[in-house]
Amino acid sequence: MYLDPVIQASAEKVAAARTENVKLDPRRMTAEEKDQLLKTYHPDYREDQFQILRAGPNKGDKVPHELASLLQARSRVDPAQTSLDAPDYDVDVLVIGGGGAGTSAAIEAHEAGANVMVVTKLRMGDANTMMAEGGIQAAGKPNDSPAQHFLDAYGGGHFAAQKDLLAKLVTEAPEAIRWLSELGVEFDKAPDGTMITTHGGGTSRKRMHAAKDYSGAEIMRTLRDEVLNRQIPVVDFTAAIELVLDENGRCAGAVLMNMETRERKLARAKTVILATGGAGRLHYQGFPTSNHYGATADGLVLAYRAGARLLYADTLQYHPTGAAFPAQIFGALVTEKVRSVGAMLINANGEAFMNPLETRDVSAASIIRECSDRGSGVKTPAGYAVWLDTPMIELKHGKGTIEKRIPAMMRMFGKYGIDIRVDPILVYPTLHYQNGGLKITVDGQTDIENLFAAGEVVGGIHGRNRLMGNSLLDIIVFGRNAGRSAAEKSRGVQPEKLTLAHVDQFHRLLDQSGAGSGAVSPKLLPTYNSLGKDF
Ligand code: MEZ
């Protein structure tokens, strides 16, 4: 029952149409229809929201204004005032970032015998991994194969994925599930012990492995335990604010800053792994976000200033179903699993306006169309939204299914008096993922020698749109990969003189080109931090 009479009247239309809607299987859009829909309604196509970079390795490329401002910003570090003579930490492998990719990398680097250290600007596990809900893809069933997984992801990504990276992702997926299971992740299983798998948007086979609807939290819990059990040093509340190179242009460490005292430290490392995650807290185009508090594009900025190229930095993922009501959870993730287990998207008039398992970019654009030109959105205090008809799930699969399969969703809405077994919920796209990021080789190395990257900071694995469950997968496959590669590479590295000359060089480039935004980066925290201004 919704207190707002307009919302309640629309919810009643949804309830009245439910027994008919639940029998429908709305047709999939044709490629031409999708193309047209995306160009007209997807936020990536709003030209006025982007600008062309005027300096740096991606000069000439289009990126969102908010990102351009940080990429073409000045450093927090003044090289003339920064001594590089006495490192505070000296390690083989420095991992920057304590989410799923960073911890996977640290575990593998440690396994390979490297002296590894993790630094993270918040705490280990304060990361998008922790907030991922619906699951992780892997082709492990007899009716499936990595080739089939590849075809789904390649098509879903608009044929733009780097084929070697995507091939690695899908081929190593079953091993990633095995590794996680052995570490202790409790995936959902049938009584006979086989994995329960479901569809996600754009998958031709059921290959989503989940731990109810808190899959990311379960994975992060396990990885964090493993890091702690191995006694890998973790320096938390410590941000990397600049990369340090050696005189041959190879990455050789980072300048760090304590987030509480602002004290600076120097870490020297033979190899560095950037695993700093995404950028949802930049709130591109004013969208709310499903991301954790620290998702501010730091890794992109640091690597860009040191000379690494980005790939597809103009493509973002707006998760179709962010919570649109109530205000307290505005933008929070409503997992795609809700649709996987049977809920349909319904407009204000009670009509099922699309197939619920279209890919994310198509679904988001379709919802935006419903709420704009078609005038079929539900008016909410924050704008417009459509319904996700959750009571359908129990009509299809019986009582108890919601509590069993999506308990976190039930709890999230239940806190605000919405029983999702009885009432449908209001959703609208929320900024969820950066499809683009640092260009890497199949070994995980960026354009800068000895600088590796893994996780959401990387671009190119998924092309221009990622399928559900391929991100939890990529943090494991490419996190482990980066850890192994960085450990191996560190064996042949002889420490050389450290330098921040690239920072001076970048500042000169900004001055000469007039591209400087006037900002200082990395941003580290969103502007609405407790200080109420840039951190
Ligand atoms: O891969 C994701 O982004 C994911 C699993 C999200 C979700 O809807 O649960």
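**Exercise 1.** In this predicted model, Arg-305 has 3% relative accessibility. Classify Arg-305 as buried or exposed, then examine its salt bridge with Glu-242.

*Solution.*
1. The cut-off for buried is under 20% relative accessible area. At 3%, Arg-305 therefore counts as buried.
2. The partner, Glu-242, has a relative accessible area of 0% and is buried.
3. The two side chains form a salt bridge, with an N to O distance of 3.0 Å.
4. Glu-242 belongs to strand β10 (residues 238-246) and Arg-305 to helix α10 (residues 298-306), so the bridge ties together parts 63 residues apart in sequence.

**Exercise 2.** Which parts of the chain does the salt bridge between Arg-250 and Glu-496 link?

*Solution.*
1. The side chains of Arg-250 and Glu-496 meet at 2.8 Å, N to O.
2. Arg-250 sits in the loop between β10 and β11 (251-258), while Glu-496 sits in the loop between α16 (470-490) and β21 (498-499). The pair is 246 residues apart and links distant parts of the chain.
3. Glu-496 has a relative accessible area of 32% and is partly exposed.

**Exercise 3.** Describe the salt bridge of Asp-511 with Arg-74 and the accessibility of each residue.

*Solution.*
1. The N to O distance between the side chains is 3.3 Å.
2. Asp-511 lies in helix α17 (residues 501-513) and Arg-74 in strand β3 (residues 74-75), so parts 437 residues apart in sequence are tied together.
3. Asp-511 is exposed at 52%, whereas Arg-74 is partly exposed at 36%.

**Exercise 4.** How many salt bridges does a search of the whole structure find, and which residues are linked in a network?

*Solution.*
1. The search finds 37 salt bridges.
2. A network of salt bridges links Glu-108, Glu-175, Arg-178, Glu-182, Arg-480 and Arg-484.

Methods
Residues are numbered from 1 along each chain as its sequence is written. This is a predicted model: local features need pLDDT of at least 70, side-chain atom pairs count only at pLDDT 80 or more; totals for chains, interfaces and linings use all residues. Side-chain values use heavy atoms; hydrogens and water are left out. A salt bridge is a side-chain nitrogen of Lys or Arg within 4 Å of a carboxyl oxygen of Asp or Glu. Helices (H or I, at least four residues) and strands (E, at least two) are DSSP runs, numbered from the N terminus. Buried means under 20% relative accessible area, exposed over 50%, partly exposed in between (1.4 Å probe, protein chains only).
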